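The following exercises concern the reading of helix packing, burial and backbone geometry from a model. Each task is followed by a solution in steps.

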Amino acid sequence: MSTTRPYSPGDRGPDSEAAVADAPADRISGTPSRQVRRLSLNGASGIVPLARDYTREALHAWGWLPAEGADRRAAAEDVLLVVSELVTNACLHAEGPDELWLSSDGKVLRIEVSDRGTGQPAPRTPHRAGRPGGHGMFIVQRLCLDWGVVRSPGGTGKTVWAELGAPA
């Protein structure tokens, strides 16, 4: 499914600023709570590899990696690809990314990339596979459960978010 709804069921909500470190598992019920990581990208160099490495570390911490089978490995690679596409789009079309947010509740992993750009990301239509460029949001649309854009209140900028299902 692809959409540009401003919010999704997995939206961070108003208390997300306080939850920038990994949240521990619930020790009573044994179910994982929401785990969140935040990386400032403002002014960083080598932003795309930095974002991928940071995401790979989060996937290791959250048990997605090392992957035990082909499906789990593919799920982790999909996450890394979506991070690369969203960060690259911010670099190319929005004056560079400000922050990368990663969060997981054990069932859905949410990626958010904020920037100062005014553009509206959308898959290029019609999609032409043999044409160079213009594939980023098409890839995001194909790999993700859902995605969208949240505009920054009272100014320029936005957050592009995407959600992927956790491996079974």
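**Exercise 1. Describe how H2 and H3 pack, and list the residues that take part.**

Step 1. H2 and H3 pack at an angle of about 145°, and their axes lie 9 Å apart. Here the axes are lines fitted to C-alpha atoms, for helices over the stretch in contact, and angles run from 0 to 180 degrees between N-to-C directions. Helices (H or I, at least four residues) and strands (E, at least two) are DSSP runs numbered from the N terminus. In general, a pair of packed helices is described by the angle between the axes and the distance between them.

Step 2. The crossing of H2 past H3 is left-handed, a term used if the near helix is turned anticlockwise from the far one by less than a right angle (right-handed if clockwise).

Step 3. From H2, the residues Asp-78, Leu-81, Val-82, Glu-85, Leu-86 and Asn-89 meet Gly-136, Met-137, Ile-139, Val-140 and Leu-143 of H3. Contact means heavy atoms within 4.5 Å.

Step 4. By class, the residues of this contact are seven nonpolar, two polar and two charged. Ala, Val, Leu, Ile, Met, Phe, Trp, Tyr, Cys and Pro count as nonpolar, Asp, Glu, Lys and Arg as charged, and the others, Gly among them, as polar.

**Basis of the values.** This is a predicted model, in which local features need pLDDT of at least 70 and side-chain atom pairs count only at pLDDT 80 or more, while totals for chains, interfaces and linings use all residues. Residues are numbered from 1 along each chain as its sequence is written, and side-chain values use heavy atoms, with hydrogens and water left out.

**Exercise 2. Check the length of H2 and identify its buried side.**

Step 1. The expected span of a helix is 1.5 Å times one less than its number of residues. For the 24 residues of H2 (residues 70-93) this gives 34 Å, which agrees with the 34 Å between the end C-alpha atoms.

Step 2. The buried residues of H2 are Ala-75, Ala-76, Val-79, Leu-80, Val-82, Val-83, Ser-84, Glu-85, Leu-86, Val-87, Asn-89 and Ala-90. Buried means under 20% relative accessible area, exposed over 50%, and partly exposed in between (1.4 Å probe, protein chains only). An α-helix has 3.6 residues a turn, so residues three or four places apart point the same way.

Step 3. The partners of these buried residues are helix H1 (47-61), strand E2 (97-104), strand E3 (108-115), helix H3 (136-143) and strand E5 (158-165).

Step 4. Asn-89 counts as buried because its relative accessibility is 17%. Leaving aside neighbours within four places in sequence, Asn-89 is in contact with Ala-94 and Met-137. The C-alpha atoms of Asn-89 and Val-113 are 9.6 Å apart, although 24 residues separate the two along the chain.

**Exercise 3. Where does the backbone depart from the general rule for phi and omega?**

Step 1. Most residues other than glycine have a negative phi, and most peptide bonds are trans.

Step 2. Glu-95, in the loop between H2 and E2, is not a glycine, yet has a positive phi of about 65°. Glu-95 is classed as exposed because its relative accessible area is 62%.

Step 3. The peptide bond from Leu-65 to Pro-66 is cis, with omega near -5°. Pro-66 belongs to the loop between H1 and H2.

**Exercise 4. Classify Val-36, Trp-62 and Gly-119 as buried, exposed or partly exposed.**

Step 1. Val-36, in strand E1 (residues 35-40), is buried because its relative accessible area is 6%. Its C-alpha lies 9.3 Å from that of Arg-110, 74 residues away in sequence.

Step 2. Trp-62, in the loop between H1 and H2, is buried because its relative accessible area is 12%.

Step 3. Gly-119, in the loop between E3 and H3, counts as partly exposed because its relative accessibility is 32%. Neighbours within four places in sequence aside, Gly-119 is in contact with Arg-151 and Lys-158.

**Exercise 5. Summarise the whole chain.**

Step 1. The protein chain has three helices and five strands, in the sequence order β-α-α-β-β-α-β-β.

Step 2. Of its 168 residues, 41% are buried.

Step 3. Among contacts between residues at least 6 apart in sequence, 62% join residues at least 24 apart.
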